[in-house]
Structures are given as structure tokens and as C-alpha cells.
Amino acid sequence: AVVSGLGLGVCNSNEYPSCSYPDHGIDNNGKTDFLLLMFDADMTIASFDLSSYGYDTDTTYYVGHSNAFTTGTWNISSLSPSTLGFTAIGSSGGTSSRTVNVNKVGNFILIGAASPNPDYNTDYFKLKSITATLAPPPVVPEPATWSLMIVGFAGLASLYRRRTVRS
């Protein structure tokens, strides 16, 4: 990933060594570029902003829970919902900078130019910003709650026992 101008973009092997077309953007001109952002914990990803440079801004993004990206070699064609547990979400846009609302929880987000590309226009943009917060941890009862529940179940068991002995 290369930081240039007003956002984060990609320089792929078709653009190397000059990376001048389309100047480090995330695009689907020849190859489909994408960025992978991984987090140490689950995040609630609210939205991300795209900077447009006069091209189409259709995007495909994935949000999910996975450690599949930590090792090995992979490409966008190997991203399958059945093996990684997530689904692709498409977002169409015009040729202006825009915000894509996500509102999903995961430990990664993969943002790429539209794939597949239904309108066949070259998509080109940079990732300007991302809005995310730490997802709340799962609710676990406190020890006092567990103690009270155990005492309650013990009381119910003794009542049941008394009723069966008297019958």
C-alpha cells in the first residue's frame, strides 16, 4: 500500500515501477486492487470515505472475523464466504468522493474496486478515512450473579424434593 495525495492506494505489478496510472489508486484497470485492514480485536466499522479522481467509485468490501490472512498466499478470487465465513457487499457510487456506510462488526475489512464490475467502468479511488470503534465485549454474568443463580436452583431442587417425599 502506498500513501499518496489524499488517501491510501495500491501500486500493483501492472503499474510498477512508475505506478503512475492511475497514480496509486485502488482500481480495477487490468487487475483488481484491494486493501486489507486487520485489527487486534473486533471493531464496529461504521463507514469509510473514498476520494474520487473523476473515475467511477464502485467498490466491493468484506467485513468479518478471520485469522486466515495472517499466513500464506491468497488473492481476491480465493475469498469465498464458505471458507472464510463472510460475504461480499457491493456499493455503487458516481464519480464524486463519498462515504460508504458499513455498520458491521469484525476484526478485518477488505476494500477493493468493484469485483465483479457490473457497469464495466474503470473504478478508481483512494481510501481517505475509516470510522471504527472497539466493539463491546460479550456480556458475561458477574460472580455474584452466578452465586445467586446457583442458590436459586438449589432452593428449587429442595422444594421439588420435599413435594415428592410428601406425595
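**Exercise 1. Find which residues touch the most other members of the largest nonpolar core, and which elements supply it.**

Solution. Start with the core itself: it has 16 residues, and Ile 26, Phe 48, Tyr 61 and Ile 111 touch the most other members. A nonpolar core here is a set of buried Ala, Val, Leu, Ile, Met, Phe, Trp, Tyr and Cys residues joined through side-chain atoms within 4.5 Å. Next, look at the elements: S4, S5, strand S7 (98–113) and S8 each give two or more residues to this core. As background, nonpolar side chains tend to be buried together in soluble globular proteins.

A word on the model before going on. It is predicted, so local features need pLDDT of at least 70 and side-chain atom pairs count only at pLDDT 80 or more, while totals for chains, interfaces and linings use all residues. Residues are numbered from 1 along each chain as its sequence is written, and side-chain values use heavy atoms, with hydrogens and water left out.

**Exercise 2. Place the core in the whole chain.**

Solution. First list the elements: the protein chain has 2 helices and 8 strands, in the order β-β-β-β-β-α-β-β-β-α from the N terminus. Helices (H or I, at least four residues) and strands (E, at least two) are DSSP runs, numbered from the N terminus. Then turn to burial: 35% of the 167 residues count as buried. Buried means under 20% relative accessible area, exposed over 50%, and partly exposed in between (1.4 Å probe, protein chains only). Finally, check the contacts (heavy atoms within 4.5 Å): among those between residues at least 6 apart in sequence, 78% join residues at least 24 apart.

**Exercise 3. Work out how the aromatic rings pair.**

Solution. Begin with the search of the whole structure, which finds 3 aromatic pairs. Rings of Phe, Tyr and Trp (its six-membered ring) pair if their centres lie within 6.5 Å; planes under 30 degrees apart count as stacked, over 60 as edge-to-face and the rest as tilted. In one pair, Phe 48 and Tyr 61 sit 5.4 Å centre to centre with 85 degrees between the planes, an edge-to-face arrangement. Phe 48 belongs to strand S4 (residues 34–52) and Tyr 61 to strand S5 (residues 59–64), so this pair ties together parts 13 residues apart in sequence. Phe 48 is buried at 0% relative accessible area, and Tyr 61 is buried at 4%.

Now take Tyr 55 and Tyr 124: their ring centres are 5.1 Å apart and their planes lie at 85 degrees, so this pair is edge-to-face. Tyr 55 is in the loop between S4 and S5 and Tyr 124 is in strand S8 (residues 124–134), so the pair ties together parts 69 residues apart in sequence. Tyr 55 is partly exposed at 27%, whereas Tyr 124 is buried at 4% relative accessibility. To finish, add Tyr 53, which forms one aromatic cluster with Tyr 55 and Tyr 124.

**Exercise 4. Describe the surroundings of Ser 52.**

Solution. Locate Ser 52 in strand S4, where its relative accessible area of 14% makes it buried. Then follow its side chain: a polar atom there lies 2.5 Å from the backbone oxygen of Thr 95. The backbone oxygen of Tyr 55 lies 3.5 Å from a polar atom of the Ser 52 side chain. Last, not counting residues up to four places away in sequence, Ser 52 touches Thr 57, Thr 95, Ser 96 and Ser 97.

Methods:
Polar contact = N/O pair within 3.5 Å; in protein donor to acceptor, adjacent residues only side chain to side chain.
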